[in-house]
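Trainee: I'm new to this one and would like a close look at a single part of it. Could you take me through it slowly, in plain words?

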Amino acid sequence: WYQRRVREAVVSTQSTGHYYITNNLSQDVNVMSTDKKKGGFLARKAKKAETDKVLDQAEYEKKLRNKESVSVDDILKLTRITDDYLCPITANTYKIDFTKFKIRDMESGGVLFEIAKPEGASEMSLSSDPNAGRYVRYEFPPEFLKLKQIGATVEFTIGDKSVNSFRMVERHYFKDQVIKSFDFDFGFCMPSSLNTCEHIYDLPALSQDLMKEMVQNPFQTKSDSFYFVDGKLIMHNKADYAYNAGM
């Protein structure tokens, strides 16, 4: 429900808490500048290397989906956004349910975005759409990229089993290059409990060129969010982002 409602919301402010981009993006190499002939050796070699990289990850993802348990170390070996989910939605046997989400600008104190699950709302039937609510598309104005610090508050409930070492690893990519990886530890959560946690993000200043490129390439910024309990993957969500809202 939570992911679905966020997807339907019109976001005219700046951010979603977990989704931040840093400026350590590897620069593209202009191989054609050293090989003037169109379709030359270096260009073909670079294209083949990129193709091999994609094929290698496709095989790696297939192996992960067939594993009994996917670990954090497995996730950190990924080199680009995943093609598919690495665990079924039924893997969430702890019945972790996100019920509220809020973003605030730490500099001004203003609330940028807030959404809550209506009381008594029921979940969509898993049989009708096994991946319902796992993918979100966000649209933000360019000013989002200029934020310095934000606070992201998430509220979630736990089912009838205690949750040990609840952890989230989130990988962000721009044009299939890893640009940032977040790692948050929620710790222990009691059974049948309501939990609230706020993470403070210090956002680095982005270069004008990188911000311009991200604005001009909507939905080329993507993320995989992986949730673990006791080191085992139990949830996997996806998102992509545009930074040209209002333009």
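In what sense do strand E5 and E6 pair, and over how many bridges?

Mentor: Happy to. Keep in mind that this is a predicted model. Strand E5 covers residues 163–174, and its pairing with E6 is antiparallel, over 10 bridges. To see one spot along that pairing, find Glu 170 and look across to E6: Phe 182 stands opposite. Now follow the chain from E5 into E6. The two make a hairpin with 2 residues between the strands, and Lys 175 there has a positive phi near 55°.

Let's step back for a moment to place the pair. The chain has 4 helices and 9 strands. Starting at the N terminus, the elements go α-α-α-β-β-β-β-β-β-β-α-β-β. E5 and E6 belong to an open sheet of 5 strands, in the order E3-E9-E8-E5-E6, and the pairing in this sheet is mixed. Its edges are strand E3 (135–139) and E6, each of which pairs on one side only. On average, neighbouring strands here are turned by 20° against each other, direction ignored.

So much for E6; what about the other side of E5? There you find E8, running antiparallel to E5 and joined to it by 9 bridges. One bridge to look for links Arg 171 with its partner in E8, Asp 224. Strand E8 spans 221–229. Because 8 of its 9 residues are buried, E8 is largely enclosed by the rest of the structure.

Go one strand further and you reach E9, residues 232–242, which runs antiparallel to E8 and is joined to it by 9 bridges. Tyr 227 has Met 235 in E9 as its bridge partner, while Val 229 has Lys 232. E8 and E9 form a hairpin as well, with 2 residues between them, and in that turn Asp 230 has a positive phi of about 55°.

Next, turn to helix H4, residues 208–216, where Leu 210, Met 211, Met 214 and Val 215 are buried. They span an arc of only 135° around the axis, which means they sit on the same side of H4. The face turned away from that buried side carries the exposed residues Gln 208, Asp 209, Lys 212 and Gln 216. And here our part comes back in: what covers the buried residues of H4 includes E5 and E8.

Just ahead of the helix, the loop between E7 and H4 holds Leu 206. With a relative accessibility of 10%, Leu 206 counts as buried, because the cut-off for that word is under 20%. Look for Leu 145 too: its C-alpha atom is 7.3 Å from that of Leu 206, though the two are 61 residues apart along the chain. Setting aside its neighbours within four places in sequence, Leu 145 is in contact with Leu 206, Met 211, Met 214, Val 215 and Tyr 243.

That leads us to the cores. In soluble globular proteins, nonpolar side chains tend to be buried together. The largest nonpolar core here has 43 residues, and those with the most contacts inside it are Ile 96, Phe 98, Leu 145, Phe 156, Val 163, Phe 166 and Tyr 243. Strand E6 (residues 177–189) gives the most to this core, with 5 residues. There is also a second, separate core of 14 residues, which includes Leu 64, Ile 81, Val 169 and Tyr 173.

Two of the names from the largest core, Phe 98 and Phe 156, take us to another sheet. Phe 156, in E4, is the bridge partner of Phe 98. Strand E1 (residues 97–105) and strand E4 (residues 149–157) pair in the antiparallel sense over 8 bridges. They belong to an open sheet of 4 strands ordered E2-E1-E4-E7, with antiparallel pairing. Its edge strands are E2 (111–116) and E7 (194–202), each pairing on one side only. Neighbouring strands of this sheet are turned by 15° against each other on average, direction ignored.

Finally, a couple of figures for the whole chain. Of its 247 residues, 45% are buried. Among contacts with a separation of 6 or more, 75% are between residues 24 or more positions apart.

Note on methods
Residues numbered from 1 in each chain as written. Predicted model: local features only at pLDDT ≥ 70, side-chain atom pairs only at ≥ 80, totals over all residues. Heavy atoms only, no water. Core = buried A, V, L, I, M, F, W, Y, C linked by side-chain atoms within 4.5 Å. Buried < 20%, exposed > 50% of the residue type's maximum accessible area, 1.4 Å probe, protein only. Contact = heavy atoms within 4.5 Å. Pairing = 2+ DSSP bridges. Axes fitted to C-alpha atoms, helices over the stretch in contact; angles between N-to-C directions. Arc of directions from axis to C-beta.
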